[in-house]
Amino acid sequence: MEAAALRNSVPPDRTGPFFGFVWAVVALAAGVSAGSLLALPGDLTRLPLAFWLMAALAISFDARPFSPHAERRSMSVFPSICFTFAIALEWGPGPAIVVQAAAVLVSGWRMRYAPWRTVFNIAQYACALVAADAVVRLAPGGGFGAGGRLRPLDVVVAVGAAGAWLTVNHGLVATAVRLRFGGRWWSRIRQGLGFELLATGSLLLLGPVLVAAARTSPALVPMMVLPLYAVSRMARLSAEREQLARRDPLTGLANREALRVEVTEQLAMHAEPAGREGPAGREGRAGREGPGGHLALLLLDLDRFKHVNDALGHAVGDRLLVEVAARLTAAVRPPHVIARLGGDEFAILATRLDGVAGARQVADRVVAELTDPVPLDGLPLDVGGSIGIALYPEHGDDFATLMRHADVAMYDAKHRGDPVAVYAAESDHNSAERLSLLADLRRVLEGGADDAGEITLYYQPQVAIATGEVVGVEALLRWRHPRRGMVDPEELIRVAEQSAVMRLLTRRVVDDVVEQLAKWSAAGLELRASVNVSVRDLHTGEIVDQIAERLPEYGVPPSRIQLELTEGALMADPRRVLATISRLDRLGVAISLDDFGTGYSSMQHLRRLPLAEVKVDRSFVLGMVADADDAAIVRSMIELAGALGLRVVAEGVEDERTWRLLHAAGCEAAQGWFFARPMPAEDLVTWLARYRPVSPTTRLGTGADAPGSPPEAAGRPRPAPDAAGRLHPSVE
Ligand code: C2E
Ligand code: CA
Ligand code: CA
């Protein structure tokens with residue numbers, strides 16, 4: 001453990017018990033070593049060459065600095081100990097303390113230790129050396145190797161002295177660490193004891209060998225250099241290897257394993273037995289959970305990182321991660337620990353917090369640090385993220401539980417669109433809830449459930465803006481669960497997408513839509529239907545095979561069906577997705593890029609992919625009237641798509657003004673509540689029969705003249721005032 005155990009970049013509280021202890025040790029050291037130090041000036045001139053050699057070697061060995069940025073509590077080996085212990089055995093504690101102090105001063109300076117720490121280290125060694133000397137003096141036969149020759153008894157004396165040295169040194173450091181970082185006494189004492197016994201113990205036991213060598217000839221002393229160098233080098237290498245194994249190579253942050261070790265260690269320290277530090281009962285608990293007693297695990301997941309990575313390349317993605325790591329480091333100071341868990345997931349272990357508020361403060365600092373876009377290749381990238389917080393002891397008392405709960409909280413945050421969420425047991429219910437939803441969904445799809453309702457499809461018309469004609473419909477999933485009521489399709493897709501159930505679901509949707517198209521066709525309605533697919537559906541060619549099989553089976557031409565995939569899905573795995581959509585293209589099935597504007601698709605992608613259509617995301621369309629920026633964005637998206645020869649559909653058109661703005665911007669088609677809400681297939685037939693196409697060049701009166709129909713919630717389209725209006729159901 002050694003002096004390194006106290007290495008930490010945060011200055012401790014100068015008035016607390018820790019410093020009280022430090023100064024007490026310094027005073028003790030001064031007291032116990034005063035006698036031998038005062039006698040020193042006279043002795044110094046009588047010391048032989050062997051002493052000076054040992055002193056020089058002690059100082060030069062410790063002068064080789066260890067990296068000051070090394071792991072906080074890594075073990076170090078200080079070979080000076082071997083020489084100063086030999087000096088103490090042979091010439092008494094006075095000279096040994098002086099040499100040790102010089103070695104500590106040099107190494108403290110090279111390692112940029114705070115002055116208080118160097119002083120403490122000197123005092124700690126002085127006490128250890130005085131204790132070793134006391135054992136030597138107490139030994140029968142008048143000290144170590146008295147009479148010029150080393151006897152078998154001297155080995156026992158040396159071992160006893162080394163034991164005293166180790167006990168005092170380790171005890172003092174363990175106490176200091178305990179006072180500074182808290183934790184259980186026993187775990188503090190045990191911490192690093194094995195290493196200490198092996199490394200420091202073997203250095204100390206070299207001491208008597210060194211004495212024997214020096215007595216034979218001073219020329220033998222320098223022969224210690226190589227073995228000591230080998231030992232310290234090996235210790236250093238193994239420490240470095242251990243450190244590397246705990247670093248994330250890209251960002252230099254701790255990795256998952258390092259975080260696990262750190263959390264486990266901190267948990268042991270925070271787990272002071274209740275009642276120790278205060279009266280029993282409530283206050284006893286406060287002793288453990290009171291100010292500074294909390295520990296929080298924060299999980300950060302970046303938004304849209306995958307898209308950045310895929311659209312701009314891994315090199316840019318890596319630079320973004322490095323930048324995020326730098327910002328986290330700026331926002332979160334030690335003793336909090338930052339780790340990268342892999343991908344775009346980061347974690348922060350925040351210690352000694354005052355409960356939830358403290359954890360939130362840390363999270364807020366991170367959020368603030370991430371608000372400014374990151375400029376990469378001259379392109380400002382927004383890197384928001386969601387943070388989930390789990391606290392010890394409230395939300396778990398081991399690493400795995402805290403991680404799981406922080407993860408639940410993080411998804412909660414994402415789900416709610418909040419930057420930060422603290423773990424709540426209800427959310428866990430939510431995740432259990434989601435699992436059971438998924439199970440129900442699977443049962444419905446496999447046809448084995450009478451108690452889980454039925455999956456149906458609603459259809460929402462798409463209208464050519466210039467003429468008002470219906471050019472197609474989009475199929476949208478609806479599931480009325482007998483217990484849960486209407487399940488939010490977005491939520492449903494989010495849940496299903498993470499499992500193989502998604503493919504079952506899409507299979508069902510495609511089957512239903514093709515069958516429906518055939519029915520409409522038989523009734524004289526030649527409609528084109530758009531089907532939403534998720535990225536999972538495009539990973540294999542299964543969907544292509546299915547469509548290639550179903551269309552001829554129902555006699556539906558490929559031009560009647562179109563697939564909508566989101567920009568995000570496209571960018572998530574462009575290579576595999578490209579293979580699938582190229583096959584669809586060859587089949588004659590058109591692809592529409594959904595939610596356009598919400599991802600990071602590059603122009604290059606748009607140009608390279610066999611796309612027929614882009615759907616401007618409704619978030620922009622909804623804001624067009626109120627927000628000039630949104631309107632400008634929509635206009636430029638329309639222009640861009642037009643330049644690439646793509647049809648543009650605006651979704652989320654809720655009112656007349658938006659409709660007119662879109663018309664002015666040259667948008668081809670629109671979809672939204674202004675025209676019609678999604679409705680069941682049979683209602684669509686009625687709706688179409690009553691629909692009266694209107695072009696934006698006609699002036700509309702009040703709402704009664706609008707082409708739209710009432711809310712889908714009402715279940716039925718409102719009978720249009722002019723049911724005799726002309727019908728334009730077909731496009732092609
Ligand atoms: P989406 O593909 O962007 O679908 C359009 C959504 O906008 C639909 O929500 C629709 O009801 C809604 N919408 C239509 N007009 C308006 C309007 O004027 N104003 C507003 N505010 N909203 C309008 P819905 O039906 O809740 O579906 C949500 C999402 O769920 C869809 O977004 C789509 O991503 C997904 N989804 C729905 N059905 C399926 C499906 O069968 N398969 C897959 N993979 N995803 C589906
Ligand atoms: Ca869609
Ligand atoms: Ca959309």
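These are numbered notes on a predicted model of the protein.

1. Overall make-up. The protein has 732 residues, and 52% of them are buried. Its secondary structure consists of 27 helices and 17 strands. The accessible surface is about 32000 Å², and carbon and sulfur atoms account for 58% of that area. Taking contacts between residues at least 6 apart in sequence, 73% join residues at least 24 apart.

2. The calcium ion (ligand 3). Its donors come from D594 (OD), D595 (OD) and E651 (OE), with E651 (OE) listed twice, and the distances run from 2.2 to 2.5 Å. Along the sequence, the donor residues follow the spacing D-D-x55-E. When checking this site, bear in mind that water is not among the atoms, so the site may look incomplete.

3. The bridging aspartate. D594 also serves the calcium ion (ligand 2): this residue bridges ligand 2 and ligand 3, and the two ions are 4.0 Å apart.

4. Burial of the two aspartates. Are D594 and D595 buried or partly exposed? D594 has a relative accessibility of 5% and therefore counts as buried, the cut-off being under 20%. D595 has a relative accessible area of 21%, so this residue is classed as partly exposed.

5. The largest nonpolar core. This core holds 85 residues, and the members that touch the most others are V513 and L662. Helix α19 (residues 501–522) supplies the largest share of the core, with 10 residues. A separate core of 60 residues lies apart from this one, and M54, I81, A158 and A162 are among its members.

6. Surroundings of L662. Which residues does L662 touch, not counting those up to four places away in sequence? The list is I465, V621, M624, V634, I638, A650, V653 and C667.

7. N255 in its loop. N255 sits in the loop that runs between α10 (225–245) and α11 (256–270). With a relative accessibility of 15%, N255 counts as buried, because buried means under 20%. The side chain of N255 reaches back to the backbone oxygen of A245 at 2.8 Å, and the range given for α10 ends at residue 245.

8. Other contacts of N255. Leaving aside neighbours within four places in sequence, N255 is in contact with A245, R246, R247 and D248, and also with A339 and R340. A reader inspecting this loop in the model can start from the N255 side chain and the backbone oxygen of A245.

Key: Residues are numbered from 1 along each chain as its sequence is written. Chains are lettered from A and ligands numbered from 1 in the order in which they are written. This is a predicted model: local features need pLDDT of at least 70, side-chain atom pairs count only at pLDDT 80 or more; totals for chains, interfaces and linings use all residues. Side-chain values use heavy atoms; hydrogens and water are left out. Donors are N, O and S atoms within 2.8 Å of the metal (3.2 Å for Na, K and Ca); water is not among the atoms, so sites may look incomplete. Buried means under 20% relative accessible area, exposed over 50%, partly exposed in between (1.4 Å probe, protein chains only). A nonpolar core is a set of buried Ala, Val, Leu, Ile, Met, Phe, Trp, Tyr and Cys residues joined through side-chain atoms within 4.5 Å. Helices (H or I, at least four residues) and strands (E, at least two) are DSSP runs, numbered from the N terminus. Contact means heavy atoms within 4.5 Å. Accessible areas come from the Shrake-Rupley method with a 1.4 Å probe; for residues, only the protein chains shown count as cover. A polar contact is a pair of N or O atoms within 3.5 Å; within protein, one must be able to donate a hydrogen and the other to accept it, and residues adjacent in sequence count only if both atoms are side-chain atoms.
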